[in-house]
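Please open the model in a viewer and keep the sequence panel visible. The tour below proceeds by selection, with a short account of what is found at each stop.

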Amino acid sequence: MMQAKDFFEVGLKFHGHKCPAMPLGLRAGAAAMNALGAERSQDKELVLLAETGNDHAAGCFVDGLMTITGCTYGKSNIKKTYYGKMAFTLIDTQKQKAVRVQLKPEFFGKMLQSPFVQQRKQGVPPQDVPASITDPLVEGVMKRAEEEFLDISPVFDYPFEKGKGTFDTDLCEACGERVFVHKLQDVKGKKVCIPCAEKTK
Ligand SMILES: [Zn+2]
Ligand SMILES: [Zn+2]
């Protein structure tokens, strides 16, 4: 059973500032994992498709999701669809099952009227919002019952085909840097990296 509170401290360190949306990601991620009966992704057992874009609160939310699920940009088992929605699908690639979770539309609408967001709209950086405003909101997120703010879909089948990774590298014949072979380009019979290929255009 995943619990958001067990990941709060590491989430805070990773994310960089205290805000209500990172803990929302922790809570939503935990709910999805518990629906699937999934453990934190050690390698790429889980894959996360985030429907967020680059908007306010969305990045904070995704940092919470990455922290708790172990789906990270480094491991490439998270992708953003840029739909601009506070929603995501978590896929268990071993069981071939998935669940979609979204913040309830009304809840997220209300959250965007919170005193924290008022400060942000006035240009206050998140780390400079007074603790008297941030702390009660964060505490509220950590304690709120899931059904009050999350829509959790039934678990559904998700056929997932694993891509094959490569350990094969070669040197770019122009700059001499080492490159994974599937990214080498053929330019006039020479194998070159993407930046070198673009320079010859
Ligand atoms: Zn944040
Ligand atoms: Zn090169």
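**First stop: Ser153 and its surroundings**

Select Ser153, which is found in the loop between β5 (150-152) and β6. The model is a predicted one, and every value quoted on this tour is computed from it. With a relative accessible area of 22%, Ser153 is partly exposed; this value lies above the 20% under which a residue would be called buried.

Which residues is Ser153 in contact with, leaving aside its neighbours within four places in sequence? Display Val99 and Arg100, for these are the contacts of Ser153 once such neighbours are left aside. Next, draw a distance from the C-alpha atom of Ser153 to that of Met66: the two are separated by 20 Å, and the residues are 87 apart along the chain.

**Second stop: a salt bridge between two strands**

Proceed to Asp157 and show its side chain together with that of Lys97. The two form a salt bridge in which the closest N and O atoms are 2.5 Å apart. Asp157 belongs to strand β6 (residues 156-157) and Lys97 to strand β4 (residues 97-103), so this pair ties together parts that are 60 residues apart in sequence. Asp157 counts as exposed at 56% relative accessibility, whereas Lys97, at 32%, counts as partly exposed.

**Third stop: helix α6 and the residues after it**

Select helix α6, residues 131-143. Within this helix, Lys143 and Glu139 are four residues apart, a separation of about one helical turn. Their side chains meet in a salt bridge, at 3.4 Å from N to O. Lys143 is exposed, with 64% relative accessibility, while Glu139 is partly exposed at 45%.

Now add Arg144 and Glu148 to the selection. Their side chains also meet in a salt bridge, with an N to O distance of 3.7 Å. Arg144 has a relative accessible area of 27% and is partly exposed; Glu148 is likewise partly exposed, at 48%. The pairs visited so far are among the eight salt bridges counted in the model.

**Fourth stop: the zinc site**

Select the zinc ion (ligand 1). Which protein atoms serve as its donors? They are NE2 of His15, NE2 of His17, SG of Cys19 and SG of Cys60, lying 2.0 to 2.3 Å from the ion. The angles among the four donor atoms run from 91 to 120°, and the site is tetrahedral. For comparison, the ideal angle for four tetrahedral donors is 109.5 degrees. In the sequence panel, the donors can be followed by their spacing, H-x1-H-x1-C-x40-C.

Colour the donors by accessibility: His17 is buried at 15% relative accessible area, and Cys19 is buried at 2%.

**Fifth stop: the annotated domain**

Select residues 14-119. An unreviewed UniProt entry places the feature "domain: Formylmethanofuran dehydrogenase subunit E" at these positions. The span is 40% helix and 20% strand, and its end C-alpha atoms lie 23 Å apart.

**Last stop: the whole chain**

Finally, return to the complete protein chain, which has eight helices and ten strands. Its C-alpha atoms fill a box of roughly 60 × 45 × 30 Å along the principal axes. Of the 201 residues, 42% are buried. Switch on the surface: the chain exposes about 11700 Å², of which carbon and sulfur atoms supply 52%. Among contacts with a separation of 6 or more, 67% are between residues 24 or more positions apart.

How values were computed
Residues numbered from 1 in each chain as written. Chains lettered and ligands numbered in written order. Predicted model: local features only at pLDDT ≥ 70, side-chain atom pairs only at ≥ 80, totals over all residues. Heavy atoms only, no water. Salt bridge = Lys/Arg side-chain N within 4 Å of Asp/Glu carboxyl O. Buried < 20%, exposed > 50% of the residue type's maximum accessible area, 1.4 Å probe, protein only. Donors = N, O, S within 2.8 Å, 3.2 Å for Na, K, Ca; no water. Tetrahedral: all angles 85-135°; square planar, octahedral: opposite > 155°, others 65-115°. UniProt positions renumbered as here; feature names shortened; annotations may be inferred. Contact = heavy atoms within 4.5 Å. Areas by Shrake-Rupley, 256 points an atom, 1.4 Å probe, with all protein chains shown as cover.
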